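Me: Please examine the structure below. I shall then ask about its ligand sites.

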Amino acid sequence: MTGLALPVAGVSPKMLFMKSPAYLQCITPSCGNTHDIDEVRFDCARCGSLLDVRYDWSQCDVPKSLAFFDARRNFSQHSEHGRLDRSGVWRFRELLPFARPDDLVTIGEGQTVLQVADDLGREVGMHAGRLYLQYEGFNPSGSFKDNGMAAAFTMARLLNRHRVACASTGNTSAALALFANQTKTSSGQAMEAIVLVGGDRIAPGKLSQALDYGAKTLQIDGDFDVCMRLVKEHAETLNLYLMNSLNPFRLEGQKTIMYRVLEAMRWEVPDWIVVPGGNLGNTSAFGKAFVELRDLGLIDRLPRLAVINAQGANTLHELFEHRGLRYSNGNYDSAKVASFYEEMDRNGVVADTVASAIEIGHPVNLPKALRSLEATRGLVRQACDDDILDGKALVGRYGFGCEPASGASVAGLRLLIQEKIISPDERVVCILTGHGLKDSGTTVNYHSSSCATNHAGSYANPPIKTKADLASLKKALAG
Ligand SMILES: *Cc1c(COP(=O)(O)O)cnc(C)c1O
Ligand SMILES: [Zn+2]
């Protein structure tokens, strides 16, 4: 990664990338069309498929072994790249080498925790030492989205874009807003964040972040899918740089969640990664991360991916598990997808789940997710809202807590153990995508038996209303 020109105000972005080993490529193998790295495109000009960020690895300094990264954990503020080594994204910069070290944007993302979760494991039927929880809620904005934003903001700044935008169920807008006010453009100003959130569906914790961090927040009369369509269609007309996971640089950043899991497991590949599926950015990024590591000879096998949909937003589950949709090396049956969406529209079906972060009916990364499932021999399950909230409650009781969408991974694990697809002895990593305090209202409702379904959850721990005297305290404590 040497030889790139310095970013100088007034120099066209093209100059900055002249010697980059990175380029954009259509994901469809039979097309394979490429675009320059500095072209602002989210689909292939020839066939309309999604784009990948690809690298000419022969021009990159790829480490010979993943243990290379161990030294980076002893980062020092004063070492040349201490700022980058402290980032859980850029510590692995050789594996997403689309920009020079000096140009990378970081706000301290990715300092997350892989926790051995024996008590939770026992509760769902796993043997000791086999279940791990990856806490992406410990990111600066409280969700995994920060991983992707570090990469996408790096690109936005290199492209000299000042206004960034996304559609969001909440966490993308929080991450976008935080990164925007922390990222200075070449003129020294903070970037401007514009977020489109769906009407009244956003969790207050997430909305509060977007407002607090100073994003221009548009509450759209419509759900996430409506917001997504709107921003995708009009972003460039409005001079907005799109930061949803349709932006392939987001996914480059999210690959590092898997690098950190491997790092914490001393570079041993687990048997399963269980992840909630919404817009399917993580599913796409995780598959790409493992396939690249294998192709580079850095790992010798892939974990299996288990993607967990909410029952009320189960597009991937329906298509993959019930209608037999397969990637088939890029020749997947797109008519099947189109007819499923037509059916949804005809029947007035819209995504509806308590897990608002995965309340998405038209996942934009569907083809990439199918590719990941093919590469990892993956599978898809769905969990109902009650099971999702029970999963969340278990993480609260036995772990550090998470938001509802993250609870879907534990609910899904439980199903897969019951189905004997995951055995108690396999090493399983559940990805906890967002922090428990993001959606605390839902948690309080769950414990207080006033949730939407109007019954307390299986693990409810209701508050006890008590008079302010000793006798009442005694009575309450005896109960
Ligand atoms: C965005 C989000 C998801 C969905 O992730 P995708 O990569 O879009 O599938 C799940 N959980 C939380 C907490 C999120 O913020
Ligand atoms: Zn193409």
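Ligand sites in the predicted model

Reply: This is a predicted model. A backbone N or O atom of N279 lies 2.9 Å from an oxygen atom of ligand 1.

Me: Which residue places a polar side-chain atom 2.6 Å from an oxygen atom of ligand 1?

Reply: The shell of ligand 1 holds 16 residues, the closest being K145, N171, G278, N282 and T433. Among these, the one with a polar side-chain atom 2.6 Å from a ligand oxygen is K145.

Me: How far is a nitrogen atom of ligand 1 from a side-chain N or O atom of T433, and what percentage of the ligand's area does the protein bury?

Reply: The pair formed by the ligand nitrogen and the side chain of T433 is separated by 2.7 Å. Ligand 1 taken alone exposes 390 Å², and the share of this that the protein buries is 96%.

Me: How many residues in the shell around ligand 1 are charged?

Reply: The space that ligand 1 takes is the largest cavity. Of the shell residues, six are nonpolar and eight polar, and the number charged is two.

Me: What is the geometry of the zinc ion (ligand 2) site?

Reply: The SG atoms of C26, C31, C44 and C47 are the protein donors, at 2.3 to 2.4 Å from the zinc ion (ligand 2). The angles among the four donor atoms run from 97 to 115 degrees. Four donors count as tetrahedral if all angles lie between 85 and 135 degrees, so the site is tetrahedral.

Me: How are the donor residues of the zinc ion (ligand 2) spaced in sequence?

Reply: The donors are C26, C31, C44 and C47. Their spacing in sequence is C-x4-C-x12-C-x2-C.

Technical notes
Residues are numbered from 1 along each chain as its sequence is written. Chains are lettered from A and ligands numbered from 1 in the order in which they are written. This is a predicted model: local features need pLDDT of at least 70, side-chain atom pairs count only at pLDDT 80 or more; totals for chains, interfaces and linings use all residues. Side-chain values use heavy atoms; hydrogens and water are left out. A residue is near a molecule or strand if one of its heavy atoms lies within 4 Å of it. A polar contact is a pair of N or O atoms within 3.5 Å; within protein, one must be able to donate a hydrogen and the other to accept it, and residues adjacent in sequence count only if both atoms are side-chain atoms. Accessible areas come from the Shrake-Rupley method with a 1.4 Å probe; for residues, only the protein chains shown count as cover. On a 1 Å grid over the protein atoms alone, a cavity is a set of points where a 1.4 Å probe fits but cannot get out, and a pocket is an open set with protein on both sides within 12 Å along at least five of seven lines; lining residues have an atom within 4 Å of a point. A molecule sits in a cavity or pocket if more than half of its atoms lie within 2 Å of its grid points. Ala, Val, Leu, Ile, Met, Phe, Trp, Tyr, Cys and Pro count as nonpolar, Asp, Glu, Lys and Arg as charged, and the others, Gly among them, as polar. Donors are N, O and S atoms within 2.8 Å of the metal (3.2 Å for Na, K and Ca); water is not among the atoms, so sites may look incomplete. Four donors count as tetrahedral if all angles lie between 85 and 135 degrees; four count as square planar and six as octahedral if opposite donors are over 155 degrees apart and all others between 65 and 115; anything else is irregular.
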